[in-house]
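This report describes the fold, the sheet, selected backbone conformations and the ligand surroundings of one protein model. The sequence and coordinates are shown first.

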Amino acid sequence: MKKLSFLMFVAVAVLMASCCGEKCANKAADENKNETAMNTTMNDLLTRRSVRSYTDEVPPMEVIEEICKAGTYAPTGMNKQSPIIVAVTNREVRDRLSKLNGAVFGPGNDRDPFYGAPVVLVVLADTTVFTWKEDGSLVMGNLLNACHAKGLGSCWIHRAKEVFETEEGKAILRDLGIDDTKYVGIGNCILGYTAGDYPEARPRKENYVYWIK
Ligand SMILES: Cc1cc2nc3c(=O)[nH]c(=O)nc-3n(C[C@H](O)[C@H](O)[C@H](O)COP(=O)(O)O)c2cc1C
């Protein structure tokens with residue numbers, strides 16, 4: 001009887017030790033994964049650049065959807081989620097937006113302000129929410145960084161405000177059931193596959209950060 005209890009004790013001890021070993025190994029693997037993810041995020045934040053030359057190829061819809069999802073997870077004041085994203089993959093609408101954007105510079109400006117990028121994610125925000133501008137800008141930031149994380153080029157293109165103040169711009173919003181009296185354009189995140197060399201970061205200015213330690 002004594003021998004049996006001893007054997008049972010040894011069996012339980014071995015089982016516990018092996019469970020702990022597995023748990024410890026899993027924890028270490030998780031920590032390793034977290035560290036890798038953190039390093040990847042830091043690297044993406046430091047290496048994202050504004051791309052101004054694109055191929056015509058439209059990236060897969062699932063990738064564009066994932067990028068939009070990253071946009072929707074940006075922080076917003078009091079979690080009001082004031083921004084919206086109008087994701088334009090339709091060539092005809094993309095070209096109309098490009099013309100409207102260029103027209104903000106005045107007549108006779110035929111340059112494509114979207115630099116040939118095939119996709120435009122327009123961010124607008126609900127101006128009845130106090131933090132609309134900040135909310136919208138953070139969504140833009142998430143979109144730009146998500147594009148980079150997915151291996152795509154991107155750039156913030158301005159003048160979304162002016163474009164969606166025009167009758168044609170407002171009509172695009174109304175067609176989507178968006179209240180054109182409430183929403184104001186924040187920016188256009190153009191995206192696509194980079195053509196040519198990837199731009200390098202310019203040096204950071206001095207005294208960007210003031211420390212109070
Ligand atoms: C609010 C805002 C508006 C911008 N508007 C334009 C634009 O209309 N056209 C453009 O080519 N780049 C635009 N940019 C991109 C900046 O020129 C770019 O971020 C800056 O030169 C730094 O380069 P980097 O993004 O590669 O670090 C804009 C960026 C911001 C934040």
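## Strand register and overall fold

Val119 stands opposite Leu191 in S4. The model in which this pairing occurs is a predicted one.

The protein contains six helices and four strands. Along the sequence, these elements follow the pattern α-α-β-α-β-α-β-α-α-β. Of the 213 residues of the protein, 27% count as buried. Among contacts with a separation of 6 or more, 80% are accounted for by residues 24 or more positions apart.

## The sheet

The four strands form an open sheet, arranged in the order S1-S2-S4-S3 with antiparallel pairing. Strand S1 (83–88) and strand S3 (153–157) are at the edges; each has a single partner strand, so one side of each is left without a neighbour in the sheet. From one strand to the next, the twist averages 25°. In general terms, strands of a sheet pair through backbone hydrogen bonds, in either a parallel or an antiparallel manner.

Strand S2 (residues 119–126) and strand S4 (residues 183–192) are paired in the antiparallel sense over eight bridges. S1 and S2 run antiparallel and are joined by six bridges, while five bridges join S3 to S4, again in antiparallel fashion. The register of these pairings can be followed through individual residues, as tabulated below.

| Residue | Bridge partner or opposite residue | Strand of the partner |
|---|---|---|
| Ala87 | Leu121 | S2 |
| Val123 | Gly187 | S4 |
| Leu124 | Gly185 | S4 |
| Ser154 | Leu191 | S4 |

Leu191 thus appears in two pairings: Val119 stands opposite Leu191, and Leu191 is also the bridge partner of Ser154.

Burial of S2 and S4 can be stated strand by strand. S2 is mostly covered, with seven of its eight residues buried. S4 is likewise mostly covered, with nine of its 10 residues buried.

Helix H3 (residues 91–103) lies across S1, S2 and S3. The direction of H3 is at about 115° to S1.

## Helix H4 and its surroundings

Does the length of helix H4 agree or disagree with the span expected at 1.5 Å a residue? The 18 residues of H4 (residues 132–149) should span 26 Å, and the end C-alpha atoms are 26 Å apart, so the two values agree.

The buried residues of H4 are Trp132, Asp135, Gly136, Leu138, Val139, Met140, Asn142, Leu143, Leu144, Ala146, Cys147 and His148. After H4 comes Gly151, which has a positive phi near 80°.

One of the buried residues of H4, Ala146, can be related to a position in another helix. Thr41 is found in helix H1 (residues 2–47). Thr41 and Ala146 are separated by 105 residues in sequence, and their C-alpha atoms are 9.9 Å apart in space. Is Thr41 buried or exposed? Because Thr41 has 12 C-beta neighbours inside 10 Å, and 12 or fewer is the criterion for exposure, Thr41 counts as exposed.

## Positive phi outside glycine

Two residues in loops merit separate description. Gln81 has a positive phi of about 50° although it is not a glycine. Gln81 is placed in the loop between helix H2 (61–72) and S1. With 17 C-beta neighbours inside 10 Å, Gln81 counts as partly exposed.

Arg159 is likewise a residue other than glycine with a positive phi, here near 70°. The loop that holds Arg159 lies between S3 and helix H5 (160–163). Arg159 has 18 C-beta neighbours inside 10 Å and therefore counts as partly exposed. For both residues the count falls between the limits, since a residue is buried at 20 or more such neighbours and exposed at 12 or fewer.

## The ligand shell

Which residues surround the ligand? They are Arg49, Ser50, Arg52, Cys155, Trp156, Ile157, His158, Pro199 and Ala201. By class, this shell comprises five nonpolar, two polar and two charged residues. Cys155, Trp156 and Ile157 of the shell carry numbers within the range of edge strand S3 (153–157).

Conventions:
Residues numbered from 1 in each chain as written. Predicted model: local features only at pLDDT ≥ 70, side-chain atom pairs only at ≥ 80, totals over all residues. Near = placed C-beta within 6 Å. Nonpolar A, V, L, I, M, F, W, Y, C, P; charged D, E, K, R; others polar. Expected span 1.5 Å × (residues − 1). Pairing = 2+ DSSP bridges. Axes fitted to C-alpha atoms, helices over the stretch in contact; angles between N-to-C directions. Contact = placed C-beta atoms within 7 Å.
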